[in-house]
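Dear colleague,

I am passing on a structure that you have not worked with before, and my notes on what was found in it follow below. Please read them with the structure open beside you.

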Amino acid sequence: MGIATALFALAAAAITAAWAWLGATVQMPPSPLAPGEKLHCVSYTPFRGTQSPLGPDNPVDPGQIDQDLAQLKHITDCVRTYSVDHGLDQIPELAKRHGMKVLQGLWLSNKPELNRKQIATTIALAKRFPDVIAAVVVGNEVLLRGEMSAPDLVRTIREVKAQVSMPVTYADVWEFWLRHRDVATAVDFITIHILPYWEDFPIPARDAAQHVDAIRKQLAAAFPDKDVFVGEFGWPSAGRMREGALPSPVNQAYAMHAVLDRAKRENYRVNLIEAYDQPWKRWLEGTVGGHWGLFDAYGRRAKFVWGGAVSNHPRWPWQAAGGVGLAALIFATALAVGGRIPAAASIGWWLRLAAIAIVSGILIGWTVANVPLESLTVGDWLRSLAWAAVALMAPLLGAAALASRASAPSFAQILGRPAQRPREVVAFSLGILLIALAVLSVQAALGLVFDPRYRDFPFAPITAATVPLLLATKKPAAKGKLVARWKRRLQAPAAETAVAATLAASAVYIVCNESFANWQAVWFSAALLALAFTLLQAQDGPS
């Protein structure tokens, strides 16, 4: 038991050290805001929980908006809106109570009857609250979406401009101003969106400020007679990487510090997107779409303090404790199943057990933390919980298989006639787990091959599940038997061969498509290859 105790202590120390490193705080640069200074403006939509602008026009409770504005008043005197539906037409009146200004949005689409309603309501609000509405934004990215032609947009802007007293603009991704230069003739100032994460060639957070400044200067040179307002800049705090652009709390805070500092030095205005996380955006953009807020969606808590320190995993002590607890279960399972075998086991056996405990102990906390982040629909929750289940069960079954010298049966044995199924509980359970892991992995891999833009990389659970199975089922071969073992792998059952080939091919494509700058893609692809190898290891059936 002495070696077990020593290795468990080593595993516990490794897990704790890993989480202390992952959860370490990163000090932000000095605040770009002077004492008492507020943000120029912040995009605001009031939806909470399951509320969404995608369904029927059910007005948001004005009390809910009032609570938000009371909180936002502490950080800004201006909010930008995007529509007048769903009760958002209440915002100017409520903003007036708090002494705030509004950049009033007017949503344009390819539905003329809805456009007329938006135009009429916005004009009425502009006439009713001329001291609150600082500008009217006629349309948001309607050219980007291809829902309106530039000439029609220009006519609409001029129609609104003729009936309101405040400046009028249009807002779109910066490239579309360069593609449709005539739109600039109709507006009082140009409103551009610069989102480095969403660029065709994504920009890392460390380069966001330089990118924003360069684009703004490019637009200012293209339209020298117009003021250029950065109407949207932001960075997501969670979601999948795009090349080197990583969503995280640290990167969100850093990018915003850097961009606002550069804007102050270069004397231009920036509207941050957005005030609160919006879960409904995950329907359109996946996990990343719902995590652009300065405040979280449910607790309305600030994600960072300007000039303060930020952690990507602020609850890391709990995640470390959970990992150490799982490591203890892994060692206990191996000792309970192995009986006297562990006492005579080689040092290699013990090191494999310790590796299972360390890898799974580190990754289980990451896996569990991602479940609520990556789950919106019932299907999302079922998939995320399934990943968490295999990540939790694999190390325990791996430890049991290592101790009992069991190996996974083939898919055909598990899915075939009852007489073919292994009688040993460990071997049978291992086979079931391997099938579940294969199904989840193929689904994730093919999704990232054929429809990758908004899909997350389940790198943590697949690694937590694959490594224990690989270490538990891999058996060293004598030199004379090595060639024979590889010949047997080349004659693997069709199911295992097909799945392994699919995973391997997907891994290569994903890395090529996402680039080596995307460490989530590289990690996930490496795990796919490891699982493919594991499937070929397990094809021989129970020993």
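To begin with one pair of strands, β5 (residues 133-140) and β6 (residues 168-173) run parallel and are joined by three bridges, and in β6 it is Thr 169 that serves as the bridge partner of Val 137. Please keep in mind throughout that this is a predicted model.

These two strands belong to a closed barrel of eight strands, which runs β2-β3-β4-β5-β6-β7-β8-β9 with parallel pairing, and in this sheet neighbouring strands are turned against each other by 25 degrees on average, direction ignored. Helix α8 (residues 249-266) lies across β8 (228-233) and β9 (270-272), and α8 runs at about 160 degrees to β9.

Turning to the helices, α14 (residues 425-450) and α17 (residues 494-514) pack at an angle of about 35 degrees with their axes 9 Å apart, and their crossing is left-handed. The residues that make this contact include Ala 438, Val 442 and Leu 446 of α14, together with Val 499, Leu 503 and Tyr 509 of α17; by class, the contact has ten nonpolar, three polar and no charged residues.

Finally, there is Ser 384, which is found in helix α12 (residues 378-404). Ser 384 counts as buried because its relative accessible area is 9%, and buried means under 20%. Leaving aside residues up to four places away in sequence, Ser 384 touches Val 371, Glu 374 and Ser 375, and the side chains of Ser 384 and Ser 375 make a polar contact (2.9 Å).

With best regards

Notes:
Residues are numbered from 1 along each chain as its sequence is written. This is a predicted model: local features need pLDDT of at least 70, side-chain atom pairs count only at pLDDT 80 or more; totals for chains, interfaces and linings use all residues. Side-chain values use heavy atoms; hydrogens and water are left out. Axes are lines fitted to C-alpha atoms, for helices over the stretch in contact, and angles run from 0 to 180 degrees between N-to-C directions. Helices (H or I, at least four residues) and strands (E, at least two) are DSSP runs, numbered from the N terminus. A crossing is left-handed if the near helix is turned anticlockwise from the far one by less than a right angle, and right-handed if clockwise. Contact means heavy atoms within 4.5 Å. Ala, Val, Leu, Ile, Met, Phe, Trp, Tyr, Cys and Pro count as nonpolar, Asp, Glu, Lys and Arg as charged, and the others, Gly among them, as polar. Two strands pair if DSSP finds at least two bridges between them. Buried means under 20% relative accessible area, exposed over 50%, partly exposed in between (1.4 Å probe, protein chains only). A polar contact is a pair of N or O atoms within 3.5 Å; within protein, one must be able to donate a hydrogen and the other to accept it, and residues adjacent in sequence count only if both atoms are side-chain atoms.
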